[in-house]
Amino acid sequence: MSAPATYSLGGKLSLWLALQTLAGLSAICVAVYIAIALGLQARQDQALDEKALQIGHLLVESGGDLTPQALRHRLDEVLVDHADMSLLLRRPDGTVFYEHASMSGQQRLREKPIDQATVGALQLTLSGQLGLSTNTDDALLSRISAILLAASLVGTGLISAGAYFLVRHGLRPLRALAEQTQQMTADTLHLRLHLPDSPRDLVPLVAQFNSMLDRLERAYAQLESFNADVAHELLTPLATLIGSTEIALRRERSVAALRDTLGANLEDLQRLAGIVQDMLFLSQADRGAAARRGPPASLRGLVQKVASYYEAPLADADLTLEIRGDHFGSFDTLLVERALSNLLSNAARYADRGSAVRIDISATTEEVALQVTNHGDTIPPEHLPRLFHRFYRADMSRSGAAEHHGLGLAIVSAVAHMHRGTTFARSAGRQTSIGFAMRDAKAPG
């Protein structure tokens with residue numbers, strides 16, 4: 001398949017300017033030519049009218065002693081200084097009385113009829129044609145048309161050449177942008193486009209491109225950090241599996257000892273499988289997967305269902321559970337249950353013994369929020385914005401940090417985004433509240 005044809009923006013602009021210039025100059029030249037031609041035609045008509053009037057007066061007002069020869073002589077005197085004029089007078093019977101031919105050779109004539117006029121002294125009625133040669137004016141128009149054509153072509157060429165250089169000069173900031181973007185690589189994402197004399201039209205483009213570079217730099221940094229975190233999280237159970245297997249193979253072991261080794265290895269394999277499953281889920285969320293909303297259901301009933309799975313862990317930690325509020329809405333119940341399970345597990349793990357864990361359900365006209373609150377160590381403010389990052393742990397020394405791979409709250413964030421919602425976290429006075437909001441299916445946008 002052939003590549004699509006490309007074109008030069010500067011060349012295209014220059015071509016259009018050249019065509020517009022040619023069209024404009026051509027229109028001007030045509031207008032000038034028409035004006036000159038009409039002017040010459042008006043002058044020819046005026047000359048014919050004046051000469052016809054003079055000949056008419058001569059024929060009508062001739063004296064009584066006039067002879068045909070004398071009348072012809074007077075007509076010669078009238079036309080003596082007009083070599084470009086011709087005159088033909090005929091009697092009523094069609095015979096020629098007077099004829100004066102133009103001296104312009106082959107010619108194109110403009111003619112004016114001479115109405116019948118009676119020469120009283122000769123008792124003679126004459127009529128005919130007065131002609132004017134247009135050879136001189138036609139030659140002038142030919143020269144003018146040639147000059148105008150040459151002027152339009154030369155003018156188009158000069159203006160087009162100037163326009164080409166102006167366009168190249170005007171597109172210089174674009175070439176500078178192209179040169180700067182050509183230097184962008186994965187190692188130079190910290191660089192930004194900079195045009196000291198940037199035209200006003202390019203300012204939004206430069207700003208948007210730099211904003212895109214900011215997002216790309218952050219995404220690339222997160223990707224590198226994510227890769228390192230994944231490698232670290234997978235390395236630990238793999239190293240444990242390899243080590244325990246090597247120890248089991250070094251010497252003879254009883255069936256019970258091998259069973260214990262296989263049991264420990266199975267736990268690590270299950271942990272690896274859990275990490276992989278969570279990563280696949282987050283990958284689908286990143287690719288824009290949307291929640292599959294089911295029929296309207298009670299969120300309080302959903303919370304009670306999830307809480308029933310944690311009765312034993314809550315009892316072991318001497319914790320009580322309190323549920324406040326309710327809302328009927330259309331949500332992906334499996335995803336909401338998963339997010340609630342992660343929040344409840346997180347709250348039970350870090351809550352003070354003998355305290356209460358509270359789940360609040362609050363709704364507005366556009367969204368519904370689920371919030372899990374527990375009493376325990378306060379999370380420092382600098383950690384709160386990063387709680388929903390993958391593999392992030394606010395404190396590795398906290399209980400259970402080694403057994404949990406740090407994807408629970410990242411999954412909560414993914415579930416919120418799949419419902420077009422957001423997440424939030426607050427911690428102060430030994431009380432921590434973490435939750436997420438979901439946009440109701442009936443809400444606009």
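Is alanine 264 buried, partly exposed or exposed? In this predicted model, alanine 264 belongs to helix α6. Its relative accessibility is 38%, so alanine 264 counts as partly exposed, given that the partly exposed class lies between 20% and 50%. A useful landmark for finding this residue is threonine 240: the two are 24 residues apart in sequence, and their C-alpha atoms lie 9.2 Å apart in space.

Helix α6 (255-286) also takes part in the largest nonpolar core, as one of the elements that give two or more residues to it. This core holds 50 residues, and those touching the most other members are Phe281, Leu282, Leu299, Val336, Leu370, Leu387 and Phe436. Besides α6, the elements contributing two or more residues are the helices α7 (299-308), α9 and α10 (408-418), together with the strands β8 (356-363), β9 (367-375) and β11 (431-439). A second core, separate from this one, has 22 residues, among them Val78, Leu79, Ile114 and Leu132.

Leucine 299 is a good place to look at the contacts around the larger core in detail. Leaving out residues up to four places away in sequence, leucine 299 touches Asp326, His327, Phe331, Val336, Ile361, Val368 and Leu370. Of these contacts, Val336 and Leu370 are also listed with leucine 299 among the core residues that touch the most other members.

Helix α9 spans residues 333-350 and includes glutamate 337. This glutamate counts as buried because its relative accessibility is 13%, which is under the 20% cut-off. Beyond its neighbours within four places in sequence, glutamate 337 is in contact with Leu302, Lys305 and Val306.

Turning to the sheet, four strands form an open arrangement in the order β2-β1-β4-β3, and their pairing is antiparallel. Strands β2 (96-100) and β3 (109-119) are at the edges with a single partner each, so each has one side without a neighbour in the sheet. From one strand to the next, the twist averages 15 degrees. Helix α1, covering residues 9-60, packs on this sheet and touches β1, β3 and β4 (124-133), with its direction at about 15 degrees to that of β3.

The pairings can be followed across the sheet strand by strand. Strand β1 (residues 85-90) is joined to β2 by four bridges, and one residue pair to look for is leucine 87 with its bridge partner histidine 100 in β2. Six bridges connect β1 with β4, again in the antiparallel sense, and here leucine 89 stands opposite glycine 128 of β4. Between β3 and β4 there are nine bridges, also antiparallel, with alanine 117 partnered by leucine 126 in β4. Strand β4 is largely enclosed by the rest of the structure, because seven of its ten residues are buried.

Helices α3 (residues 135-170) and α4 (residues 172-182) offer a helix-to-helix contact to inspect. Their axes come within 4 Å and cross at roughly 40 degrees, which means that α3 is oblique to α4. On the α3 side, the contact is made by Arg168, His169 and Gly170, and on the α4 side by Arg172, Pro173 and Arg175. By residue class, this contact comprises one nonpolar, two polar and three charged residues.

Terms used:
Residues are numbered from 1 along each chain as its sequence is written. This is a predicted model: local features need pLDDT of at least 70, side-chain atom pairs count only at pLDDT 80 or more; totals for chains, interfaces and linings use all residues. Side-chain values use heavy atoms; hydrogens and water are left out. Two strands pair if DSSP finds at least two bridges between them. Axes are lines fitted to C-alpha atoms, for helices over the stretch in contact, and angles run from 0 to 180 degrees between N-to-C directions. Contact means heavy atoms within 4.5 Å. Buried means under 20% relative accessible area, exposed over 50%, partly exposed in between (1.4 Å probe, protein chains only). A nonpolar core is a set of buried Ala, Val, Leu, Ile, Met, Phe, Trp, Tyr and Cys residues joined through side-chain atoms within 4.5 Å. Angles under 35 degrees count as roughly parallel, over 145 as roughly antiparallel, 65 to 115 as roughly perpendicular and the rest as oblique. Ala, Val, Leu, Ile, Met, Phe, Trp, Tyr, Cys and Pro count as nonpolar, Asp, Glu, Lys and Arg as charged, and the others, Gly among them, as polar.
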